[in-house]
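Hi everyone, thanks for having me. Have a look at the structure with me for a few minutes, and stop me if I go too fast.

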Amino acid sequence: MNATPTGPSVHASTGAWVWRGAALLLDLDGTLVDSSAAIERHTLAWAARLGLEGDAVVTASHGRRDVEVVRLVAPGADVAREVEWLHRISCDDTEGVVAVPGAAELLDGLDPRAWTVVTSAAREVALARLTAADLPVPARFVCAEDVARGKPDPEGFLAGALLLGVDPRRCLVLEDSAAGVAAGRGATATVLAVGPDDVPGAHHGVADLRPVVARAVDGQVEVVVTARDAGAVEVPVELLPAGQLDGLDDGLPEFVA
């Protein structure tokens with residue numbers, strides 16, 4: 001293993017999930033901010049603009065960059081024009097964008113040098129949503145413009161670890177989508193899923209961020225998910241369907257469940 005094991009702790013003995021490592025790589029939409037109402041509103045409007053089936057487009061868009069969504073569901077469209085349309089409505093309409101419960105408290109407990117955002121959103125959109133949710137903006141973060149391949153490719157999380165100057169195997173990724181969890185696993189990070197649904201491949205899951213606490217311990221970041229979170233679900237990697245994690249490096253930091 002590449003990280004110092006957490007070892008026995010009072011948290012572990014009471015059923016909490018504990019991780020120690022170097023840094024946190026945080027997805028934005030659905031993880032730090034609840035922008036679901038705005039994104040669905042924009043996506044349905046865009047689908048109607050092109051005469052597409054709205055619900056199918058919403059499903060296809062989850063965790064993907066706008067450019068990838070356009071290419072996937074409207075391959076004959078002018079990609080640049082449609083991406084610009086989606087970009088502008090996302091920047092101009094942030095009604096209903098709020099912080100995920102517990103997000104502000106989690107970030108408040110972190111050294112600014114020990115976390116960053118890795119998002120499929122464009123930089124201007126990410127800034128608009130962080131501002132609307134009244135959350136801090138990291139000095140540097142990874143957005144759609146910074147990668148050639150979006151999630152589930154691990155490029156974004158590898159870039160985030162590089163920004164922070166840490167080994168990705170010593171990072172904790174927080175994600176809400178299957179594509180994001182796969183990207184975190186592909187980057188060899190430990191993955192904590194955030195949201196009401198189980199996401200295959202995640203090492204642990206929480207309904208929201210209220211039970212997640214972070215602090216500095218012995219020069220590392222310690223993250224504790226308290227046992228009081230009734231929505232937490234741990235997915236043992238060995239019980240995943242065969243082939244789910246084929247090709248992924250399992251050189252992960254140790255954690256206590």
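I'll talk about one sheet, the strand inside it, and a helix that packs on it.

Some ground rules: this is a predicted model, so local features need pLDDT of at least 70 and side-chain atom pairs count only at pLDDT 80 or more, while totals for chains, interfaces and linings use all residues. Residues are numbered from 1 along each chain as its sequence is written, and side-chain values use heavy atoms, with hydrogens and water left out.

Okay, the sheet. It's an open one with 5 strands in the order 5-2-6-7-8, and the pairing is parallel. Strands here are DSSP runs of E, at least two residues, and helices are runs of H or I, at least four residues, numbered from the N terminus. Two strands pair if DSSP finds at least two bridges between them. At the edges sit strand 5 (115-117) and strand 8 (204-206), each pairing on one side only. On average, neighbouring strands are turned by 20 degrees against each other, direction ignored. For angles, axes are lines fitted to C-alpha atoms, for helices over the stretch in contact, and values run from 0 to 180 degrees between N-to-C directions.

Now, strand 6: is it enclosed or open? Largely enclosed by the rest of the structure, because 5 of the 5 residues, 171-175, are buried. Buried means under 20% relative accessible area, using a 1.4 Å probe and protein chains only. Cys-171, Val-173 and Glu-175 point one way, Leu-172 and Leu-174 the other. That fits a textbook point: in a regular strand the side chains alternate between the two faces of the sheet.

Who are its partners? Strand 2 (residues 23-26) runs parallel to strand 6, joined by 4 bridges, and Leu-25 stands opposite Val-173. Strand 7 (residues 190-194) is also parallel to strand 6, again with 4 bridges, and there Leu-172 stands opposite Thr-190. To get from strand 6 to strand 7, the chain goes through helix 9 (residues 178-186), in a right-handed β-α-β crossover. Right-handed means that, with the strands pointing away from you, the path from the first strand over the helix to the second runs clockwise.

Further along, strand 7 and strand 8 pair over 3 bridges, with Ala-193 opposite Gly-205. Helix 8 (residues 155-164) packs on the sheet, touching strands 2, 5 and 6 (contact means heavy atoms within 4.5 Å). The direction of helix 8 makes about 140 degrees with that of strand 2. Its buried residues include Phe-157 and Leu-164.

Note on methods. Buried means under 20% relative accessible area, exposed over 50%, partly exposed in between (1.4 Å probe, protein chains only).
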